Amino acid sequence: MAAPHLQQPSFLLATLKADCVNKPFAQRCHDLETVIEELPAKELHGIFPWLVESIFGSLDGIIVGWNLRCLQGRTNPNEYSVALDFLDPSGPMMKLVYKLQAEEYRYDFPVSYLPGPVKASIQEQVLPECSLYHNKVQFPSSGGLGLNLALNPFEYYMFYFAISLITQKNSPVTHHVSPSNSAYFILVDTYLKCFLPTEGSVLPPPSSNPGGAIPSPTPRSPAVPFSSYGMHHTSLLKRHIAHQPSVNADPASQEIWRSETLLQIFVEMWLHHYSLEMYQKMQSPHVKESFKPTEEHVLVVRLLVKHLHAFSNSLKPEPLSPSAHSHTASPLEEFKRVVIPRFVQEKLYIFLQHCFGHWPLDASFRAVLEMWLSYLQPWRYAPEKPPQSTEPLPRSVSDKWAAFIQENLLMYTKLFVGFLNRALRTDLVSPKNALMVFRVAKVFAQPNLAEMILKGEQLFLEPELVIPHRQHRFFMSPTLGGSFLSSRSPAVTDASFKVKSHVYSLEGQDFQYKQMFGAEVRNLVLKLAQLICQAQQTAKSISDHSAETMASQSFFSWFRFTPSEVNGSYTGNDLDEIGQDSIKKTDEYLEKALEYLCQIFKLSEAQLTQMMMKCGTAQDENGKKQLPDCIASENGLILTPLGRYQIINGLRRFELQYQGDTELQPIRSYENAALVRLLFRLSSLLNQRFADQMEVLCSRDDFVGRLCRYHLTNPQLAQKIRYSPVVRDRMSHNWGPRISLRFLASYRTLISLLMIYFLASWFYVGPVGCTFIILTGYFLYAVIMTFFFEGWKPHEH
C-alpha cells in the first residue's frame, strides 16, 4: 500500500503519553506489549515515531528517552532487564517493526541530522555512494522545510538506535557508569549477533500471516535527479533500482537485506563523519574540528570491528572447483567475503586518522588505540584455536593473512607513524602512557607480522608502466551496483596492483608514501627509544628518591617533631601518589616496549648505546638527575628547546627551594590553617619576649649552646640573609634565634599526640604523665640530633 501521511495524535497516542507520566516503567512496557500484540498495523502506525523517540530520545538531544547508555543491571536491575527484553530482536518492539514493515509504511527522517559529509552531499543534490540513501531522498512539499529520507520501519528504528549514541551527549551520565555494561552496549552486541551471525543464518522475521514472509523494501521512483561520484556514464540511483530485491524476492535476499541495512546504518552513523576531502582539509591545524567522538563512541565502534572480524572469519572455505562456487555460495557467505573492504575499510581509516591527529594527549586515547589494534589483528577472532604449547611463546601470524595486511597497508604503516608522533609528545613516565607504547610494540612484534608489512611496502613500491587511477571502486566494490549482490567484482590477481589501489583510493594519486621501514621512520623510532630510556631513568630516580626518603625518616620524624620538614620543598612527581608498584610497572612496560621495538626494526645493542650517549641521559657522578638542557649566558641559564621539552614531560627539573621566611610559607595541605595562624602569633610573642635570652644561649660554646643553635637557628638561611638583600627584605624583622611552633599544626603531629594520649590513658598514666612522656621524648630526640648534626664544633660569632 502507498505510504500515507502521519495522522494527528490519536486517543491511543494520548493515552500512552499519559501513561509515561503516571505508570512505572515495567507497567508501561507491559501495556505496550499488549497494544502491539492486539492492535492492527493501521492503528500502530500513528504511534511508531513517538514510541521510537520516547525510547532513544529526540534527534536534537533534548528528550533523553530511556537513557539506555546509562542504564545498567548493577544499579537498576529491574528496568535494565525489562528494557533489554522489550528491545530484543525477538521482543515486542521488533515485532512492531515487522508488523509495520509488512504494510510498507514510510517515516520521514530529517537529512539535517545525518553525518556531515552525507548531509552536505544530499543538500548539494549529489547522491551519496552508500546505497542506504538511494530512492529515499524527498524534497519537502510546498511550504515544507528541509529535506527528508523516507525510511521503512526497520530502517527508521535502526537509524534512531544508532544515532542516539551521537546525539545524546548531554544525558546525565554518572561517574560510576561503565559503557561496556550499559543496556545500549549490550543491545549493539545483541543486534550484531542476530543480524550478522557467525554461525548459521539470520533468523527469519516473525510474520503475522501464517507461512508468509515480510517483504523487503520495494523499488520507488526517484524523487529528484542526482549525479554520482566519479561515475559519469551511469547513475547510482538507476543502478540501485536495478539491483534492489523485489517484493517477491526469496528469503535469502530478505535475510541479506536486513544484515546489509543494519551494517550500513551503523557504519554511516558512527564512522562517516569525515569524507576524504574533509579529512584532507582537517590536516591543517587552523581548521576547526567539526565532530568530536567520545570514548564511549569509540568503545562501541571497537565492538563493531571485533564482531565484523569474527563474522568475516566465519566464511566457509571456498570449493576447489570455481564452477561449484557459483551454485553453492549463499548470499550470507558472499556478504562475509566483502563486508570489511566494501563497507568499513575507508570510513574506519579516515575515522582513525582523525582520532590519531586530534585526540587529547591523555590516557583516554587507550580506547582508540585498542580499537585500532583490534582491526589490525583479524587472526585473534578466527574460529580456529592456536595449537597447545608447553612454552608460552608468541604465536606467529600465518601467511594466509598476508592478503589482508597488503590490502590494509595504510592501517598498519601510516597509523603506526601517527602513533609514533603521539608517543613522542607524551609523558612516558606515566604508567598509562607506558602501557600504550608497550601494547603497540607488542602487537607489531608478533612473529612474521613485520615481514608481511615489509612485503606489502615492497609491492607498493614496485614500478609499473600504468599507475592505477581513482577507479578503485571497480576493484574494492561491486561494479555498477549499489549492493554487493548485484555482481561480483572481477578477480584481481596482481598483488602489487591491489596494494596500489588501496593506497591511492584512501590517500589520492599524489600521495607521498612514507615507508614504515625507511630511514625517516627509523629515526622516529630511535627518538622514541631515547625517550623510553629517559623515562626509565626518571622513574628510577623517583623510585630511589622515595626509597631514600622513607629510609631517612626516623620514628620521631613521622610525628613531625622536627621543623626542617617545613623548610624543604616538594620535589615529587605524580607517581608519588600512585606508589612503588606503578613505578615498577612503568619500568617493566618500557623495558619490554624497547625490546619489542628492537625486534621490529632490527636495532642493535650498539645503536642503543650510541643513542643513549647522544641524548645525554646518563646520570651524574652523584647518581642524581641532571638539570634540564640549558646554555649559560650573561643573564644566567637559558633553557634550550630540548630543556623545555624535558621539563614539560617531567624528564628533568630544577631543584627549587623556598628561600624566604619559613614561618611565612604558604599553608600546606597537611597542616591545619587555624593552628598555623594561632601558633605563628604565639611563637612571635615568645620570640619578642625572649629574644635577648635566646641570643645569649646560642652564643655559648658548651652543650647548651649547641643544643640551642641547632633548634633555634637555621645556619643555611642565615648565610643567605647575610649575602642576599632580596632574601633579607622578604624575611621578618627578627631573623636571629627564635622559636618555631609551626610543626605542631601538622595533622600527623596532632594524630600522633592523640595516639600517645590514648595509649597513656590506657595504661593509667594520666594527662600529667602523658605530657611528661612527650616532653621527655622530645628532649632526648633533641639531644641526639644535636650530637649527630651539630657535633662539638665551636660556635662562630
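A residue counts as buried here when its relative accessible area is under 20%. Keep that cut-off in mind as you look around this predicted model, because it comes back more than once. By that yardstick, buried residues make up 47% of the 797 residues in the protein.

Let's start with the big picture. The secondary structure comes to 36 helices and five strands. Contacts between residues at least 6 apart in sequence have a clear pattern: 79% of them join residues at least 24 apart. As for the outside, the accessible surface is about 41,100 Å², and carbon and sulfur atoms account for 58% of that.

Now for a pair of helices. Two packed helices are described by the angle between their axes and the distance between the axes. Take α4, which covers residues 48-56, and α6, which covers residues 92-102. Their axes sit 12 Å apart and meet at an angle of about 150 degrees. Angles over 145 degrees count as roughly antiparallel, so that is how α4 and α6 lie relative to each other. Their crossing is left-handed. If you want to see who does the touching, look for F48, L51, V52 and I55 on the α4 side, and M93, L96, V97 and L100 on the α6 side.

Further along the chain is α16, residues 366-376. How enclosed is this helix by the rest of the structure? Largely, because 10 of its 11 residues are buried. The buried set runs through A367, V368, L369, E370, M371, W372, L373, S374, Y375 and L376. What do these residues pack against? Their neighbours are α13 (295-313), α15, α17 (402-407), α18 (409-423) and α19 (431-444).

Back up a little and you'll find S364, in the loop between α15 (331-358) and α16. Leaving aside residues up to four places away in sequence, S364 touches E295 and W359. T294 is worth a look too: it is 70 residues away from S364 along the chain, yet their C-alpha atoms are separated by 9.4 Å.

Last stop, the strands. Residues 630-633 form β4 and residues 636-639 form β5. The two strands run antiparallel and are joined by four bridges. Together, β4 and β5 make a hairpin, with two residues between them. To pick out one of the bridges, find C630, whose partner in β5 is L639.

Terms used. Residues numbered from 1 in each chain as written. Predicted model: local features only at pLDDT ≥ 70, side-chain atom pairs only at ≥ 80, totals over all residues. Heavy atoms only, no water. Pairing = 2+ DSSP bridges. Buried < 20%, exposed > 50% of the residue type's maximum accessible area, 1.4 Å probe, protein only. Contact = heavy atoms within 4.5 Å. Areas by Shrake-Rupley, 256 points an atom, 1.4 Å probe, with all protein chains shown as cover. Axes fitted to C-alpha atoms, helices over the stretch in contact; angles between N-to-C directions. Parallel < 35°, antiparallel > 145°, perpendicular 65-115°, else oblique. Left-handed = near helix turned anticlockwise from the far one by under 90°.
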